[in-house]
Amino acid sequence: MWGSRKLISSGSRFLGVRRSGCRVAQADCPRSTASAVYSENQLSWTLPIKPWIFSEYRIMWFKSCKMTFVCFNRMKSYRYPWTRLYSTSGTTVDSSEVKTFLALAHRWWDEQGVYAPLHSMNDLRVPFIRDNLLKTVANHQPGKPLSGMKILDVGCGGGLLTEPLGRLGASVIGIDPVAENIETAQRHKSFDPVLDKRIEYRACALEEIVEETAETFDAVIASEVVEHVTDLETFIQCCWQVLKPGASLFITTINKTQLSYALGIVFAEQIAGIVPKGTHTWEKFVSPEMLESILESNGLSVQTVAGMFYNPFSRYWHWSENTSLNYAAHAVKSGAQEHQVPAESVLKEETEELQATASTIAGVREEVKK
């Protein structure tokens, strides 16, 4: 009991109060601040706060809330620099994908670096594009088989596929939402005066040039692109709009299978480091069946689907009958025959109508004579 009273007494002195009988009056603290009441069993504090103090606290509280809302509004209106290039309504570009490729913009032309598989892929995709386009051309120039054709390379990156198509004689426009990629592509093509005339680069998304380039191109290339867009349906619709009737769309991408997850993401990104981590998102992969369904529903008739396989040890690509990993697709914009009626059929129909009219007139004359 004595120990407890001693403890309370020392605590009272520490708090700035003193004992006086059974009550403790405040010793050193101002009266306007606080008062303490002591009993044998309890030490309690009462804080008499005047009304004007409540008013001050209320004003301070409202001011702090106002400042907080202002800060939040400023944060909402802030945009990162790389989103300004494509911050249009209905964009198909994924900002997180842009950040990934932005960090690698200077490494496109390193044939032994992270883009080595894309350099090697040209051995398959360039002949695939060239041979299918030549099926629609009766005559072509030796050495320049794609001369006279206009091609749009969507998601061109540093121009790895754009330049070979330009060397085949085509006039190519390469577009990419990452401005740093376009700068790399511009710098590389400037070393070749011939390519400098045939190739044009633009830092933009596909939907930004749809209106000005409607039905302009003989071919649209989307190589290793569709697995990075946010809205595949909108992307295919934009491709359809910029294609001429009867023109071709070429796509290379990754199938959505368990094998593609195991090899394309776990092995290629996380174990072997063939491509940087975070380059691909398995949920965005699309199967050939799904892609064909989207293409057909948007006026594009699928002509060819072929499997592709990359050997990480030899660093070469090979064609395969198996499409469970990578594959290439070729589709043609339908509607050319619907909008263009052959002149021979028109002439035949007009001749038949004239003959029918002439026979009718002859019959009427015979009736009149009788």
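So, β5 and strand β6, residues 171-176, pair in the parallel sense, with five bridges between them. Keep in mind that what you have on screen is a predicted model. If you want a register check for that pair, take Ile-151: its bridge partner in β6 is Val-172. And if you follow the chain there, β5, α5 and β6 make up a right-handed β-α-β unit.

Now the other neighbour. β5 also runs parallel to β8, and three bridges join those two. Here the residue to click on is Leu-152, whose bridge partner in β8 is Val-220. As for burial, β5 is largely enclosed by the rest of the structure, because four of its five residues are buried.

Okay, zoom out a bit. What order do the eight strands of the open sheet take? Reading across, we get β7-β6-β5-β8-β9-β12-β10-β11, with mixed pairing. The edges are β7, residues 199-203, and β11, residues 316-320, each of which pairs on one side only. From one strand to the next, the twist averages 20°.

Over at the β11 end, the pairing with β10, residues 300-311, is antiparallel, and five bridges hold that pair together in the listing. Gly-307 sits opposite Ser-320 in β11. Then there's helix α8, residues 232-242, which lies across β5, β8, β9, β10 and β12 and runs at about 145° to β9.

Next, the annotation. The unreviewed UniProt entry puts a "binding site" feature at Arg-125, Gly-155, Asp-176 and Ser-223. From that set, Arg-125 and Ser-223 are part of the lining of the largest cavity.

Let's take Arg-125. You'll find Arg-125 in helix α4, residues 116-134. Is Arg-125 buried or exposed? Its relative accessibility is 5%, so Arg-125 counts as buried. Leaving out residues up to four places away in sequence, Arg-125 touches Leu-118, Leu-160, Leu-161 and Ser-223. So two of the annotated positions, Arg-125 and Ser-223, are in contact.

Gly-155 sits in the loop between β5, residues 150-154, and α5, residues 162-167. With a relative accessible area of 29%, Gly-155 comes out as partly exposed. With the same sequence neighbours left out, Gly-155 touches Ile-175, Asp-176 and Val-225. Asp-176, remember, is another of the positions in the UniProt feature.

That's the tour; happy to rotate the view.

Notes: Residues numbered from 1 in each chain as written. Predicted model: local features only at pLDDT ≥ 70, side-chain atom pairs only at ≥ 80, totals over all residues. Heavy atoms only, no water. UniProt positions renumbered as here; feature names shortened; annotations may be inferred. 1 Å grid on protein atoms, 1.4 Å probe; cavity = no way out; pocket = protein on both sides within 12 Å on 5 of 7 lines; lining within 4 Å. Buried < 20%, exposed > 50% of the residue type's maximum accessible area, 1.4 Å probe, protein only. Contact = heavy atoms within 4.5 Å. Pairing = 2+ DSSP bridges. Axes fitted to C-alpha atoms, helices over the stretch in contact; angles between N-to-C directions. Right-handed = clockwise from strand over helix to strand, strands pointing away.
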